There are 2 protein chains.
Amino acid sequence: MPVNYQPLTSEQIFQIPNIFLNSVIAEIRKKDRKDLTLITLPENSTVAGVFTKNKFCAAPVQICKEHLQSANHKIRALIINTGIANAGTGEIGYNAAKEVCKNLAKTLNINENQVLPFSTGVILEHLPSEKIINNLQNLSNDLSNSSKAWFVAANAIMTTDTVPKIYSKQVKINENLTITLNGMAKGSGMIHPNMATMLGFLAVDIAIPARVLQQIVSDVANKSFNCITVDGDTSTNDSFILISVPNASNKNISAENLNSDEISILKNAILTAATELSKAIIRDAEGASKFITINVYNGADENECKKVGFSVAHSPLVKTAFFASDPNLGRILAAIGYAEVANLDVNKIKVYLNDLLVAENGGRAATYNENEAIKIMQNTDIEINIDLAQGSAKSTIYTSDLSHDYVSINADYRS
Amino acid sequence: MPVNYQPLTSEQIFQIPNIFLNSVIAEIRKKDRKDLTLITLPENSTVAGVFTKNKFCAAPVQICKEHLQSANHKIRALIINTGIANAGTGEIGYNAAKEVCKNLAKTLNINENQVLPFSTGVILEHLPSEKIINNLQNLSNDLSNSSKAWFVAANAIMTTDTVPKIYSKQVKINENLTITLNGMAKGSGMIHPNMATMLGFLAVDIAIPARVLQQIVSDVANKSFNCITVDGDTSTNDSFILISVPNASNKNISAENLNSDEISILKNAILTAATELSKAIIRDAEGASKFITINVYNGADENECKKVGFSVAHSPLVKTAFFASDPNLGRILAAIGYAEVANLDVNKIKVYLNDLLVAENGGRAATYNENEAIKIMQNTDIEINIDLAQGSAKSTIYTSDLSHDYVSINADYRS
């Protein structure tokens, strides 16, 4: 059960007329659950992405990068399977994913490099590409631009997720222009920045030139998907994809025609969408019973803030204390102390649990009251606020607790 | 229950005639368990240590460093409490530990800076220094150099440890010289290098000059206590202390009189002792059901090997797979891939489970047999062998699995 997260229902999802989706059961993951999804985009779409920095990156990640470049971001189709990650599969895995792209291109009458493949699931096992290829015709026969198709797709890309993560919002850019942002993400374990999402897709119905789109997706990822962690494990398959499609009813307007205020609104809308999707991943993190927001502020630079935030977020001892609702808050101090940030002055650092001052002057605050802390720890949404007293930079990291269920889920994942 | 570890019995411990120990119940941790230990050393002893790099280092760590320097390593007494770490306690904590040293110095008629204080336990809570001070006379009245006193002390320094970690061995340096090495360590959670032990004490009955002793303790720590990890949490209190006492029956011989072969034997004996103590910590790690040895070899340098080893050792996904005895070995590849080692060529890396080749050429080995892997995963002692194919450096990291018991222990620690 996710922590304070209610996924959108089908009825709450807006449509984007020229994006079509379909999902089927290809029996890659389980016999009774949709596990293969196709998304098609209209001509003149632009797609940009950021991908895992894991050196053992999956074959589909490698192909995505190649295709985005060679097709100059003019992507027409995304094919996503769950069950098998197609990572750690060497040349065989690469060829299997290429074969899928080639067949899909033929089915849709587009170029092979206009297809982006995505896989998520178990690493080191081979992709049953035949199962995918055999379903391509089915998939393309029943494509739909309905709200329900988005809902079904968001479910079909899940692995250990307990709920689909869907985002759908309309945002007014100016008096005459309202855009729609539809997104979905999957992932709940092996979640750590670069990228944290495993898979995230966000579409916006306004034309954005490739170069600008690539910049936006990088900036947004750094402030959203790269700020969450469940277990510190950077996946081999992480991908965050930003899709820009023209919208005829908005006269196919391009972001190039917007003024700087309007561009700001657009970028913020995209960042908000990505942040909501990444927070949803943490709310549905494997075994999560708490949603923990770690605000690190007054750091010398953003990197320093992130380092401290992740050090706290990754500490199994901090995470188990939150699971137990036990204000064993010295563990937070220990995690700050080993964050490997130079020049930290521990005597100036202040640590708060929500608004409760826990530590200052290198030790427990005189005003600290354990009963108040116990009360705060009972909540499912808790903030750790850390004032580094070094400068003016800040960063926010989202994480979950470490529970028995995390161990159970990951000890049983393959069975 | 530790993994394949049988602690020494009292009878198996050698004596070092001029080192005296005593432990009492000071009711700092629990009402019915010894939690305060005093160790006294003869004149002309030399002591050196390495300490946590955690910025929130505990008050006693800070004082140890000051006293070692100002007393020029001529330490006469060690006072060790469990229950409270005296970390994150600011100036109050510092003064409390100083007060203990001052009182103990008076009791023993030595200088205050000849006392080293050690604390381990809960962070952020204040040291009940009165309870310690009130027991100093008791402690010093009943000091003993018996084997049993070592055994009792090794038990009294424990917190969540399930067994005492004791090392005792006699090593022949040459025809006429046999030395005794006695050591003890505690720690089973918040275990990560710099230092990993929380507390480790090793005494050797041969005079070693301070400068040499300090070099030995640093070198040895890097190859032993700094190569183990349970949860990646670097404690605020980690200390590894090497004690050199003269031995009258060996004519108070000093290491300065040894030739280079003999020095080698001595250093190896110390390294072996420290390695055995650090491995014992992992065998008794919180919730451990597996003892995992990660050998990383053919790296460009030792640091690179350590990075890869720790990346695998810290991965909660790898650790839960081992807990489940599930050869979900792609998780090892993922952890190697995000170790942030530059220039790794994933196509050259080979990964073995014991002797079973798991991965090569960027994917699963053609010869890999899942049934053999399942059989290996059933063992309690398992090796992960990683050939980086970069150079000739190597490093070995020891770690444990991540089990339900780890979560339980750390969710309940304070209660």
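1. Contact is taken here to mean heavy atoms within 4.5 Å, and on that basis the meeting of the two chains in this predicted model can be described. By this criterion, 58 residues of chain A are in contact with 58 residues of chain B. Of the interface residues of chain A, 100% are also interface residues in chain B, so the copies meet through the same surface.

2. The symmetry can be stated explicitly: a turn of 180°, with a shift of 0.0 Å along the axis, lays chain A on chain B with an RMSD of 0.1 Å. The two copies are therefore related as by a two-fold rotation axis. Among the residues of chain A, the one that comes closest to this rotation axis is H404(A), whose C-alpha lies at 2.8 Å.

3. As for the extent of the interface, about 4800 Å² is buried between chain A and chain B, and carbon and sulfur atoms give 61% of that area. The side of chain A that touches chain B draws at least two residues from each of α9 (316-323), α10 (330-337), β14 (363-364) and α12 (404-412).

4. With regard to polar interactions, the rule finds 18 residue pairs in polar contact across the interface of chain A and chain B, both residues being at pLDDT 80 or more, whereas the count of salt bridges between chain A and chain B is zero. That count stands beside a composition, on the side of chain A that touches chain B, of 27 nonpolar, 21 polar and 10 charged residues.

Conventions:
Residues numbered from 1 in each chain as written. Chains lettered and ligands numbered in written order. Predicted model: local features only at pLDDT ≥ 70, side-chain atom pairs only at ≥ 80, totals over all residues. Heavy atoms only, no water. Least-squares fit on C-alpha atoms with pLDDT ≥ 70 in both. Buried area = accessible area lost by both parts, 1.4 Å probe. Salt bridge = Lys/Arg side-chain N within 4 Å of Asp/Glu carboxyl O. Polar contact = N/O pair within 3.5 Å; in protein donor to acceptor, adjacent residues only side chain to side chain. Helix = DSSP H or I, 4+ residues; strand = E, 2+ residues; numbered from the N terminus. Nonpolar A, V, L, I, M, F, W, Y, C, P; charged D, E, K, R; others polar.
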